[in-house]
Every structure is written in structure tokens, then in C-alpha cells.
Amino acid sequence: MKEQDRSRFSGAEASMPARRSFLARTSGALAGALASGVVLGDAAAQAAGNESESGARALGKPGGGKGFWPNGARLAVSVSMMFEGGGQPISGAGGLIPEPIARGVPDLPTNAYFAYGYYEGIPRALDLFDKHGIKVSSFMIGEAIKKMPDLAQEIVRRGHEAAAHGRTWSNSYHLSRSEEKRFIADSAETILRITGQQAVGWNAYFLRNSVHILETLQELGFLYHIDEPSHDEPFIVPVKGKDFVTVPYTFHLNDISAYPFDGYNPMAYEQALKDEFDQLYEEGAHRRRMMLVGFHDRINGHANRIRMLDRFFTYAKSKPDVWFARKDEIARWVLEHREDTPVLRRGPAALSGLPGPG
């Protein structure tokens, strides 16, 4: 491992042996502390950029014996539908053509590839979700929905969540804190103006934010973000004395990263979804579990992929006690049932390498 890699993982991961030893020596005290929501050694752990956890969930017991999700559901399944077409730069956006285009020249076929998302992908997806009675969270780019406001309005009209995905399809982590805040606020203001819905969820371009992100989102009135693929359940990170929710995202079941068009195997993707579902459903009998399905307008919106997702949703809906939920619903449920939720108290993000206090 390179020296810079050792430094990057010098937070929670590097301190695991020490914490295991501590837990072994104090298991009785820790069990009592977890049951009461008390955290041991927070100040020292946070100063070192480490992470401590509290909450009854750590003991594997739902509060009050009522289950981890509404109506006793044992698994939550949530779909993230990205509305990105029209928000990309007209030259230089990543697409299907491996050879980069000359700098500054409009990339006509790549832009048409993005346009597929709003012409075909999202309308087809909306019909699929209606067929199965599923409500999803749509992460919208401000410039994209400015070009297709009727489609953004239709998403909300059908009962789906409008969440924020930035002013444009681009990184914001290199911006100053005030500039990043404006970048996020602009997208939320555009969503509110076009759809009438206040965005309370955030997703960054390829999940990359600045170290100030949780404080910034909290200041802007957001309830949650999805930019951390570290858990199979939602969790809370306290920021300035107030709870902020992470509703985790996924790489391995994300259409844009795990199953590109080159070499795409729809049967393998369908089986991967079923295997993920079955494992989490089984685990959901004794701990809170959540499954995430990543969906991009221009990728999973293609006809053959919709047909594959149709089969998967039919399979998942055939099982009892499954909650298909929007992410704002999940975040609010978590905040209302804090006793069942991991509460991760982290040191500064610049030290831990994980989203936390700036």
C-alpha cells in the first residue's frame, strides 16, 4: 500500500484493532451504553478522525418490537432515477464513444445519447413504476429540467420525489464552500420553481463533494444525502448537534458503473438484483436492511433494460413485507425512529475521509 493510501485510511479503518480490543475488555459496559444511546469515548475518537456508533440497532433489536420499517416490513427497496439528460456539457461529456472528441467541438452523438433519457427513458420508466405501484426518488439536474419542465412536472404529478443533483452535470467539490453551496441551492430553487416540490435530498456528480457538504446541506434545509455506499441501511451523522441522514447509494448495482453497454448481460444483471434482494430479505428478519437500485435516464431507460426491471419488480413484489419507498420517506422514518438507527459520530471529514463535520 502506498504511503498516501495509508494516510487516507488512517481514520476508522486503521483504528479497528484497537477498538476491537477495547470492546473485548468492556463488553458489558458497552452493551449498557448502546441500549441507552450513550457513546463511549466520543471526544477522543472524533479528535482522531475516527468513528463511534450508538443506537439500539447495534444490538440487533427493533425498538418496541414493531419491526424496522412501516407495518413490520423486513426490507426497504428504493429506486434512484437520475434526470441528467440536458444537463451535460455539449462537448466532453462521458458517453459510449471511447475516442474523445476535439476540445470544444459539440459531441452530437453523445448529446443524442443523453437526450434518449428524456425522450424515451424516463417516460418508459414512469409507466413501469405505475405498473408496479412503486414510487421513486428522481435526482434532477437544474439545467436538465429547465429544458424539459413538463417531464419534471410529470414525475412529481405521478407521486415521485424530486431531489437535487446539481446545477449542471459536473463536479462541485473543487469549488469554494460558498460556491458549492450556491451550486446546490441553484438546483433546489429550480426544482421548486418548476415542480412545486422542495428538494430535501442531495446527490453529487459521482458522489464527490467537498469536506463541508453535510454542514452545507443542513444549512440549506436538506434532510439527507445519498453520497456514501458504506452501508446496507440508512444511518445518522450528527452535525452541529442536529441529525443528518445518509440513505446509502450503490456502485455494484448501479447501471452507470457496473453494467455499461459494452458487455452488458441483462440476465446477469437480473440475477444480481435477485441475489441482492434475497440476501437482504433474509437478513431483514433480524436487522434493518435496505436495497438500492440505481437508474439513469439514458441507461436503464432502454427498452430491454426496462423489460428486465419489470421481471425483477414482479419478483420482489411477490414477497411479503417489502416496502418500496422514496428516499425522503426513508429519511423521515429514520428520524422518527432514531432508537432503531445507527448514529455515527465522526471526526472532521478531512481526517476520517468520510462525510462528516467539515
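**Exercise 1. In which helix is the place of Ile194?** Work out its surroundings too.

Before we start, note that this is a predicted model, in which local features need pLDDT of at least 70, side-chain atom pairs count only at pLDDT 80 or more, and totals for chains, interfaces and linings use all residues. Residues are numbered from 1 along each chain as its sequence is written, and side-chain values use heavy atoms, with hydrogens and water left out.

*Solution.*

Step 1. Ile194 sits in helix α8. Helices (H or I, at least four residues) and strands (E, at least two) are DSSP runs, numbered from the N terminus.

Step 2. With a relative accessible area of 11%, Ile194 is buried. Buried means under 20% relative accessible area, exposed over 50%, and partly exposed in between (1.4 Å probe, protein chains only).

Step 3. Leaving aside neighbours within four places in sequence, Ile194 is in contact with Ile145, Lys146, Pro149, Ala152 and Gln153. Contact means heavy atoms within 4.5 Å. For Lys146, 48 residues apart from Ile194 along the chain, the C-alpha atoms of the two are separated by 7.7 Å.

Step 4. Now turn to Gln153, which belongs to helix α7 (residues 149–157). Gln153 counts as partly exposed, at 36% relative accessibility. Not counting residues up to four places away in sequence, Gln153 touches Ile194 and Thr195. The C-alpha atoms of Gln153 and Gly196 are separated by 8.3 Å, although these residues are 43 apart along the chain.

**Exercise 2. Describe strand β3 and its partners.**

*Solution.*

Step 1. Start with the general pattern. In a regular strand, side chains alternate between the two faces of the sheet.

Step 2. Strand β3 (residues 137–140) is covered on both faces. Ser137 and Phe139 lie on one side, Ser138 and Met140 on the other, and all are buried.

Step 3. Look at the first partner. Strand β2 (residues 75–83) runs parallel to β3, and four bridges join them. Two strands pair if DSSP finds at least two bridges between them. Phe83 stands opposite Met140 in β3.

Step 4. Next comes strand β4 (residues 161–164), which is parallel to β3 and joined to β3 by four bridges. Here Phe139 has Ala163 in β4 as its bridge partner.

Step 5. Add the helix. β2, α5 and β3 make a right-handed β-α-β unit. A crossover is right-handed if, with the strands pointing away from the viewer, the path from the first strand over the helix to the second runs clockwise.

**Exercise 3. Find the nonpolar cores.**

*Solution.*

Step 1. Fix the term: a nonpolar core is a set of buried Ala, Val, Leu, Ile, Met, Phe, Trp, Tyr and Cys residues joined through side-chain atoms within 4.5 Å.

Step 2. The largest such core has 64 residues, and Phe83 and Met291 have the most contacts inside it. Helix α5 (residues 108–132) gives the most to this core, with nine residues.

Step 3. Apart from this core lies another, of 24 residues, including Trp69, Val245, Leu292 and Ala331.

**Exercise 4. Which parts of the chain do the salt bridges link?**

*Solution.*

Step 1. A salt bridge is a side-chain nitrogen of Lys or Arg within 4 Å of a carboxyl oxygen of Asp or Glu. A search of the whole structure finds 25 of them.

Step 2. Take Lys181 and Glu219, whose side chains meet at 3.0 Å, N to O. Lys181 lies in helix α8 (residues 177–195) and Glu219 in helix α9 (residues 213–219), so the pair ties together parts that are 38 residues apart in sequence. Lys181 counts as partly exposed at 29% relative accessibility, as does Glu219 at 40%.

Step 3. Compare the salt bridge of Arg289 and Glu233 (3.6 Å, N to O). Arg289 is in the loop between α10 (266–283) and β9 (290–296), and Glu233 is in the loop between β6 (224–225) and β7 (235–239), 56 residues apart. Both Arg289 and Glu233 are buried.

Step 4. Finish with a network: salt bridges link Asp127, Asp130, Glu154, Arg157 and Arg158.

**Exercise 5. Give an overview of the protein chain.**

*Solution.*

Step 1. The protein chain has 13 helices and 11 strands.

Step 2. Of its 358 residues, 51% are buried.

Step 3. Among contacts between residues at least 6 apart in sequence, 72% join residues at least 24 apart.
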